[in-house]
Amino acid sequence: MTIRIPTQAFSDQKPGTSGLRKKVTCFQQPHYLENFVQAIFNTFQSCENKTLVLGGDGRFYNRDAIQIILKMASANGISRMIVGLGGILSTPAASHLIRKYQTDGGIILSASHNPGGPKGDFGIKFNTANGGPAPENVTESIYENSLSLSQYLTIESDDVNLDQVASFELGGMKVDIVDSVQDYADLMEKLFDFPIIRSCIRTGSLQLGFDAMHAVTGPYAKEIFVRRLYALSSTIINAVPQEDFGGGHPDPNLSHAHDLLTIMQSSDAPDLGAASDGDGDRNMILGRDFFVTPSDSLAVMAANAHLIQEYKMGLCGVARSMPTSRAVDKVAEKLGIECYETPTGWKFFGNLLSAGKISLCGEESFGTGSDHVNEKDGIWAVLFWLNLLAVKKQSVEQIVTQHWKLFGRHFYARFDYEKLETESANKLINDLREKLPSLVGNQLQGFVVNDAYEFSYKDPIDGSISEHQGLVITFSPDARIMFRLSGTGTEGATLRLYIELYEPDPEKHQQDVHTVLKPLSDIGIQLAKIEEFTGRTEPSVIT
Ligand code: VG1
Ligand code: CO
């Protein structure tokens with residue numbers, strides 16, 4: 001029986017770069033999760049005949065949230081829910097299910113790379129029928145709805161069993177518990193040349209080390225790399241998803257993927273090292289004692305896509321987020337295809353992917369993907385690299401350094417200043433924004449400022465405009481620094497400073513990245529008066 005629960009609206013349910021993220025304790029307050037979920041349902045004209053996918057990255061509170069959402073979905077009149085076994089779905093697997101079963105969207109429970117556990121973070125995002133993250137107009141209407149909620153609907157019922165593949169009814173709504181691992185693995189097998197990869201793995205000419213970081217990709221990695229590609233089971237470390245990610249930070253970068261790094265720096269390191277994040281949509285690619293920046297990874301993929309079965313007919317276009325290095329732009333130029341520059345966040349790629357304008361896209365934050373789903377996809381990226389290594393018979397380092405010879409190298413780094421006081425971080429950005437026009441023409445540490453502007457984006461498909469998407473300063477010789485505030489943190493503000501320098505001369509490609517970028521990071525730190533506004537003399541993390 002449907003019950004109406006009176007509630008009071010919360011004023012802080014505005015989704016950020018990727019859904020609504022808060023501390024678990026915030027989501028556990030009475031009605032907090034329920035209000036946001038009701039706001040999602042309220043944005044549907046009608047819930048009748050609607051099917052949704054539901055699952056999450058397995059972090060603490062995932063199971064509780066799923067039970068709450070199922071009952072609310074039933075009360076709201078949703079006709080069918082497709083739920084990941086054990087309540088688990090990686091973000092790309094959820095996107096695939098939405099598309100495969102042509103559902104009306106999906107609810108994904110994840111705070112991605114943010115730590116989990118009772119004191120950690122929780123998150124919820126809504127993906128639309130194209131499988132991709134809801135665009136801004138949708139997240140905006142969910143937010144508006146959340147501001148005026150006075151009730152939500154639920155039913156009285158026992159919790160359902162999430163741990164068995166089964167179909168049943170919940171208050172008149174159909175619930176299908178599905179094993180998404182098989183569906184996802186089947187999709188991967190269609191995109192990549194599994195026989196070639198398998199034979200290289202079997203002969204020992206190709207070895208992989210994969211760090212699932214105690215997060216959602218463990219079961220997917222086991223099925224794909226071990227069961228279908230015959231890698232040794234020791235290939236996958238930290239393979240069992242845990243509610244608190246083993247107390248770690250499930251962010252695949254040089255600061256957080258320690259275990260993998262140790263393996264890749266050892267004398268018998270595998271050919272390819274890779275790690276994924278909390279919800280399985282990001283990837284880090286390493287060679288033997290060699291780090292591939294995510295921006296370079298995207299560019300290498302674009303330049304070599306014709307060697308991969310699925311992309312052998314060529315790419316229709318590519319896209320990168322604004323702070324991502326312009327390495328992929330060079331490739332697009334050579335291929336004669338369009339390269340789009342979007343704001344940070346996967347939701348901005350969705351329209352381009354759906355309209356067939358791009359087939360490959362990525363972000364500097366360890367996210368790459370293609371039109372096979374409408375999300376960034378960690379395991380897909382690892383398979384792409386495995387397939388490339390199997391075909392090219394070169395090391396990761398050889399592939400990347402040859403790429404630089406052909407296209408030039410984009411030296412790149414990101415400095416994060418985490419947990420800043422929100423007010424000071426906003427002041428810093430406002431101050432710098434005002435200063436931008438006066439910077440043009442200035443000479444700073446041997447670099448001349450060419451342009452200084454605030455990035456805004458007009459979506460080429462629906463014409464919508466997104467403003468305030470980061471501050472950009474470009475220089476001669478060819479370099480850029482960019483600033484923006486993170487939209488995924490849950491404590492204070494995080495300032496990101498992105499630094500990029502283009503070096504066409506192969507003689508200079510072997511220089512140390514931080515030495516090369518030092519003058520530019522100094523410029524950025526001084527122009528933005530980072531120490532003055534935040535008191536910080538060092539970034540919290542450099543990636
Ligand atoms: C960060 C990254 C961004 C990514 C987003 C969601 O956002 O910079 O590139 O799309 O996380 O990724 P922000 O606003 O904190 O810079 V995930 O893997 O959290 O879904
Ligand atoms: Co993620």
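**Surroundings of ligand 1 and the cobalt site**

In this predicted model, ligand 1 is surrounded by 21 residues (those with a heavy atom within 4 Å of it), and the closest of these are T17, S112, G487, T488 and R496. Residues are numbered from 1 along each chain as its sequence is written, with chains lettered from A and ligands numbered from 1 in the order in which they are written. Local features need pLDDT of at least 70, side-chain atom pairs count only at pLDDT 80 or more, and totals for chains, interfaces and linings use all residues, while side-chain values use heavy atoms, with hydrogens and water left out.

By class, the shell around ligand 1 holds 10 polar and 11 charged residues and no nonpolar ones, where Asp, Glu, Lys and Arg count as charged, Ala, Val, Leu, Ile, Met, Phe, Trp, Tyr, Cys and Pro as nonpolar, and the others, Gly among them, as polar. Polar contacts (pairs of N or O atoms within 3.5 Å) join oxygen atoms of ligand 1 to the side chain of T17 at 2.5 Å, to that of T488 at 2.5 Å and to that of D281 at 3.0 Å.

The cobalt ion (ligand 2) is coordinated at 2.0 to 2.1 Å by S112 (OG), D277 (OD), D279 (OD) and D281 (OD), donors being N, O and S atoms within 2.8 Å of the metal (3.2 Å for Na, K and Ca); water is not among the atoms, so the site may look incomplete. Of these donors, S112 is buried at 3% relative accessible area and D281 is likewise buried at 1%, the term meaning under 20% (1.4 Å probe, protein chains only).

Key: A polar contact is a pair of N or O atoms within 3.5 Å; within protein, one must be able to donate a hydrogen and the other to accept it, and residues adjacent in sequence count only if both atoms are side-chain atoms. Buried means under 20% relative accessible area, exposed over 50%, partly exposed in between (1.4 Å probe, protein chains only).
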